[in-house]
Amino acid sequence: MSEEEKDLMTLLNELMDEVFKEKMDDHFDGKKPEIFYENIEDYTFKTGKRFRMNKDQKERNLSRDEAFRELFPEKPND
């Protein structure tokens, strides 16, 4: 892959991260979701979507599981 192609891929990844972050921010509007998922695989199974970390989470070096739990906390024990 040439440097030009790498630059394009980096730009596209950054763009997708920003779009995804804005969409998630708009969707949750600062509130935690009421839906609970066991883990990333459960989320994928139930929604048909792949979980993506946003740019901020990547910059903070969160693991995928940490980033997932930040958006979808575990169900509290009643």
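These are my notebook entries on a handful of residues and groupings that I looked up in this predicted model.

**Entry 1: the nonpolar core**

I began with the largest nonpolar core, which has 9 residues: Tyr 37, Ile 40, Tyr 43, Phe 51, Met 53, Ala 67, Phe 68, Leu 71 and Phe 72. I then looked up which elements give two or more residues to this core, and found H2 and helix H4, the latter covering 64-71. Of the elements, H4 gives the most to the core, with 3 residues.

**Entry 2: Ala 67 and Gln 57**

From the core I picked out Ala 67, and listed its contacts while leaving aside neighbours within four places in sequence: they are Phe 51, Met 53, Gln 57 and Leu 62. Two of these names, Phe 51 and Met 53, I had already written down as members of the core.

Gln 57 was the next residue to follow, and I found it in helix H3, a helix that runs over 55-59. Is Gln 57 buried or exposed? Its relative accessible area is 0%, and because buried means under 20%, I noted Gln 57 as buried. I also looked for a polar partner, and a polar atom of the Gln 57 side chain lies 3.2 Å from the backbone oxygen of Ala 67. Not counting residues up to four places away in sequence, Gln 57 touches Leu 62, Ala 67, Glu 70 and Leu 71, and of these I had met Ala 67 and Leu 71 in the core.

**Entry 3: Asp 17**

I turned to helix H1, residues 3-28, where Asp 17 lies. Asp 17 has a relative accessible area of 6% and is therefore buried. Which side chain does the side chain of Asp 17 meet in a polar contact? I found that of Arg 52, at 3.1 Å. Setting aside residues up to four places away in sequence, I listed Arg 52, Met 53, Lys 55 and Lys 58 as the residues that Asp 17 touches; among them, Met 53 also belongs to the core of my opening entry.

**Entry 4: the surface patch on the nonpolar side chains**

Met 9 also lies in helix H1, but at 40% relative accessibility I had to record Met 9 as partly exposed. Met 9 belongs to a nonpolar patch on the surface, together with Leu 8, Leu 11, Leu 12, Leu 15 and Val 19. The accessible area of these residues together is about 550 Å².

**Entry 5: Asp 42 and Glu 38**

Asp 42 lies in helix H2, which covers residues 40-47. With 14% relative accessibility, Asp 42 counts as buried. Apart from residues up to four places away in sequence, Asp 42 touches Phe 36 and Tyr 37, the latter being a core residue.

I then looked at Glu 38, in the loop between H1 and H2, and at 65% relative accessibility I noted Glu 38 as exposed. For a view across the chain I looked up the C-alpha atoms of Glu 38 and Arg 69, which stand 31 residues apart along the chain and are separated by 9.7 Å.

**Entry 6: Asn 61**

My last stop was Asn 61, placed in the loop between helix H3 and H4. What is the relative accessibility of Asn 61? The value is 66%, so Asn 61 counts as exposed. I also wrote down its phi, which is near 55 degrees and thus positive in a residue other than glycine. As a reminder to myself, most residues other than glycine have a negative phi.

Technical notes:
Residues numbered from 1 in each chain as written. Predicted model: local features only at pLDDT ≥ 70, side-chain atom pairs only at ≥ 80, totals over all residues. Heavy atoms only, no water. Helix = DSSP H or I, 4+ residues; strand = E, 2+ residues; numbered from the N terminus. Buried < 20%, exposed > 50% of the residue type's maximum accessible area, 1.4 Å probe, protein only. Polar contact = N/O pair within 3.5 Å; in protein donor to acceptor, adjacent residues only side chain to side chain. Contact = heavy atoms within 4.5 Å. Patch = residues over 30% accessible without salt bridge, like charges linked within 9 Å, V, L, I, M, F, W, Y side chains within 5 Å. Areas by Shrake-Rupley, 256 points an atom, 1.4 Å probe, with all protein chains shown as cover. Salt bridge = Lys/Arg side-chain N within 4 Å of Asp/Glu carboxyl O. Core = buried A, V, L, I, M, F, W, Y, C linked by side-chain atoms within 4.5 Å.
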